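Got the structure open in your viewer? Here's a tour you can follow at your own pace, selecting one piece after another.

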Amino acid sequence: MPDFSLSPEQESLRDLARKFARTEMAPHAAECDRTARFPEEIYRKAFELGLMNLNVPTEYGGSGLGVLDQCLIVEELAYACGGMTTSIIANCLALEPILLGGTPEQKERFLKPFCADYQFASFALTEPSGGSDAGALRTRARREGDHYVLDGEKCFITNAPHASLYTVFATVDPALRHKGVTAFVVPRTTEGVTPGKDEEKMGHRASSTGTVRFDGARVPAANRLGGEGDGFSLAMRTLDQTRTPIGSLATGIAQAALDHAAAYALKRHSFGKPIAEHQAIQIKLANMAQSIHAARLLTWHAAWKIDRGERGTLESSIAKCFASDAALHVADEALQTFGGYGYMKEYPVEKLLRDAKLTQIYEGANEIQRSVIARELLRSYE
Amino acid sequence: MEIVVCVKPVPEGETRLRASADGASLDPEAVKFVLAGYDESAVEQALLLKESLPGSKVHAVSLGPAPRTEEVLRAAIALGCDAATWVDSGPAASPDPIDVARALAAALAPLPHDLVLLGKQAGDDEEGLVPAALAEFLGVPDVGHVVDLRWDAGRSRFTFRRAVEAGQETWEAPAPLVVALQQAWNDPRTAKLPAILKSRKVPIARVPPVALVPGVGRSQSVRFELPPPRSGARLVDFQTPEQAAEKLVKLLREEAKVFP
């Protein structure tokens, strides 16, 4: 039989994340959302406590956590602020290709100095002309002696305006489609690398999202991860590792929404009694609780599979897709529970709805998750 | 310098408490236990001294039942304590504070100690009896309500400040010494993730169950009750402070009838 109890280690990791989220992040969440401020002082504290490079092994200066441990932390952080959480965990996504595809020499050269200091890395896959169709990349990588010359533009890149390192996916030949995609580690200091300005976003406003341009950027061939054409598979294997914590991020937002809604329903009166005593509200709360419970268990299960060394593509896609859909629905129902107050920016739930929306889009849109789920599913019937 | 810091597991502030089945104590099943706030300040003071005096060691000691006592000792190690001793109280729920001090003194006596630090009282029962009794059993001086503690190496004396009515006193005393600290004056640090993981692997010495016999010539907890639920509050909508005052006066006069 499966065991759903957490180890004492996991309990203490969760306690650390909960304390940090509630004392450091939550008090600034509304202000950072309103002003779209990137709270460096909070991110620096997260780094100092070891909450930023969660997936990097300790030998390279990271926290060396498995996926389930990461999920526990991410859910707690997201309970306080989804946007801050996105920026805190974006290094995990950006560094995962180095962990999966880097040589020992590359890991030593890139990860050690990176993790020694507070800094950001960005995963640069999506382009203005497309994100989900990663085989259709337009950013070019031309070989010139022992260098590659990169030309093109990436967009919607988390932390891009603040990053010191980019993992960039470019094609050596667009005609090769997936087979041309190649991954590179590109320091921001490389000539021809230009991060753009922050985008103005609907939610996750404490996070920073922007473009990066590559204009004849010369990158040493020694910075290529794997061989030419290995990039597509590397990107997909990376997302297999990082998708599940996004399910936990969505779960954290949803839990915050339910907690706000339940507390409000107990104190708000209509027709002579708390609205929590009206069946219409009880049904909402019960459905919200069910969705959250299912989302949490799906993420734990996917994480458990991946930590056992399985690829977990199907399970992580189900977890991410279900949890993010649940988060949007739960935040919507929480807002409805608040009625008119929920629509007001003075109350915390409309932010949760805006923050929840992104979880359906990033790290593989839910349409892509469903096509992955269907593909994996149908394969099992062949 | 050899520093011992005594810590106690207390219910976390946000915990919803309930009475145990026998009605004599708190039901520990539903409670999350954490390092007491006063003790966090004591641990912080111990670590500050350790950092300022190379070669110093901090040994955390706690008395209580499993598993909460081991957990707060692990929290102390994650913060930077070097070693830990768990004085197993067995299942005794609310031992008499003098018995606690006696058992702590027995466990502490064989450990080298130039300084013993504690929170001035626990965050749960707020009794504040253990520090003085512990000093008595150890046969060393004790001071309470301390907010700052330094070691003057030249004169081989501790100097410390005490928060008193309308001011602060500065005192000094030689080692060994028991010091009870105020809460949160020194902004206790947060344990870092790698230290938390490492703390799980540090062995904790266990002192076998000590005889804490409630009721034998000692005080004994007989009843634990939660405060009665409060009757519903009324929230008054208002736009300006003047309007709020006006509405409140109207309610006090017409509904509560506290004014004629």
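Before the first stop, a word on the labels: helices (H or I, at least four residues) and strands (E, at least two) are DSSP runs, numbered from the N terminus. Keep in mind, too, that this is a predicted model.

**Stop 1: a loop residue in chain A**

Select Asn53(A). You'll find this residue in the loop that links helix H2 (40-49) and helix H3 (67-80) of chain A. Is Asn53(A) buried or exposed? Asn53(A) is buried, at a relative accessible area of 5%. Now show what surrounds it: setting aside neighbours within four places in sequence, Asn53(A) touches Phe47(A), Gly62(A), Ser63(A), Asn91(A), Leu95(A), Phe114(A) and Cys115(A). Keep Asn91(A), Leu95(A), Phe114(A) and Cys115(A) on screen, as these contacts of Asn53(A) lead on to the next stop.

**Stop 2: H4 and H5 of chain A**

Select residues 82-101 for helix H4 and residues 104-116 for helix H5, both in chain A. Their axes come within 9 Å and cross at roughly 155°. That crossing makes H4(A) and H5(A) roughly antiparallel, and its hand is left. Which residues make the contact? On the H4(A) side, pick Asn91(A), Leu95(A), Ile98(A), Leu99(A) and Gly101(A); on the H5(A) side, pick Gln106(A), Lys107(A), Phe110(A), Leu111(A), Phe114(A) and Cys115(A). Colour them by class and you should get 7 nonpolar, 3 polar and 1 charged residues.

**Stop 3: a strand with two partners**

Next, select residues 147-158 of chain A, strand S3. Of its 12 residues, 9 are buried, so S3(A) is largely enclosed by the rest of the structure. Add strand S2, residues 140-144 of chain A: the two strands run antiparallel and 5 bridges join them. Look for Arg142(A), which sits opposite Val149(A) in S3(A). The hairpin of S2(A) and S3(A) has 2 residues between the strands, and Gly145(A) there takes a positive phi near 65°.

Now bring in strand S7, residues 209-220 of chain A. How many bridges join S3(A) to S7(A)? There are 10, and this pair is antiparallel. To see one opposite pair, highlight Lys154(A) and Val212(A), the latter in S7(A).

**Stop 4: H6 and H10 of chain A**

Select helix H6 (residues 231-267) along with helix H10 (residues 349-359) of chain A; their axes come within 10 Å, crossing at roughly 160°. H6(A) and H10(A) are therefore roughly antiparallel, and the crossing is left-handed. From H6(A), the contact uses Ile246(A), Leu249(A), Ala250(A), Ile253(A), Ala256(A), Ala257(A) and His260(A), while H10(A) supplies Val349(A), Leu352(A), Asp355(A), Ala356(A) and Thr359(A). By class that gives 9 nonpolar, 2 polar and 1 charged residues.

**Stop 5: over to chain B**

Switch to chain B, which holds 6 helices and 11 strands. Its C-alpha trace spans about 70 × 45 × 40 Å along the principal axes, and 41% of its 260 residues are buried.

Show the strands. An open sheet of 9 strands runs in the order S9-S8-S7-S10-S6-S1-S4-S5-S11 in chain B, with mixed pairing. At its edges you'll find strand S9 (167-173) and strand S11 (205-207), each paired on one side only. From one strand to the next the twist averages 30°. Zoom in on the S11(B) edge: 3 bridges tie it to strand S5 (residues 83-88) of chain B, running parallel. Thr85(B) has Ala205(B) as its bridge partner there.

**Stop 6: helices around the sheet**

Add helix H2 (residues 68-79) of chain B, which lies across S4 and S5 and runs at about 165° to S4(B). Then select helix H4 (residues 130-138) of chain B, whose buried residues are Val130(B), Pro131(B), Ala133(B), Leu134(B), Ala135(B) and Leu138(B). These pack against strands S1, S6, S7 and S10 and helix H3 (97-108) of chain B. Just past H4(B), Gly139(B) takes a positive phi of about 75°.

**Last stop: Glu12 of chain B**

Finish at Glu12(B), in the loop between strand S2 (9-11) and strand S3 (33-35) of chain B. This residue is partly exposed, at a relative accessible area of 30%. Beyond its neighbours within four places in sequence, Glu12(B) contacts Lys32(B) and Val34(B). Try a distance label too: the C-alpha atoms of Glu12(B) and Leu35(B) are 8.3 Å apart, with their positions 23 residues apart along the chain.

How values were computed. Residues are numbered from 1 along each chain as its sequence is written. Chains are lettered from A and ligands numbered from 1 in the order in which they are written. This is a predicted model: local features need pLDDT of at least 70, side-chain atom pairs count only at pLDDT 80 or more; totals for chains, interfaces and linings use all residues. Side-chain values use heavy atoms; hydrogens and water are left out. Axes are lines fitted to C-alpha atoms, for helices over the stretch in contact, and angles run from 0 to 180 degrees between N-to-C directions. Angles under 35 degrees count as roughly parallel, over 145 as roughly antiparallel, 65 to 115 as roughly perpendicular and the rest as oblique. A crossing is left-handed if the near helix is turned anticlockwise from the far one by less than a right angle, and right-handed if clockwise. Contact means heavy atoms within 4.5 Å. Ala, Val, Leu, Ile, Met, Phe, Trp, Tyr, Cys and Pro count as nonpolar, Asp, Glu, Lys and Arg as charged, and the others, Gly among them, as polar. Buried means under 20% relative accessible area, exposed over 50%, partly exposed in between (1.4 Å probe, protein chains only). Two strands pair if DSSP finds at least two bridges between them.
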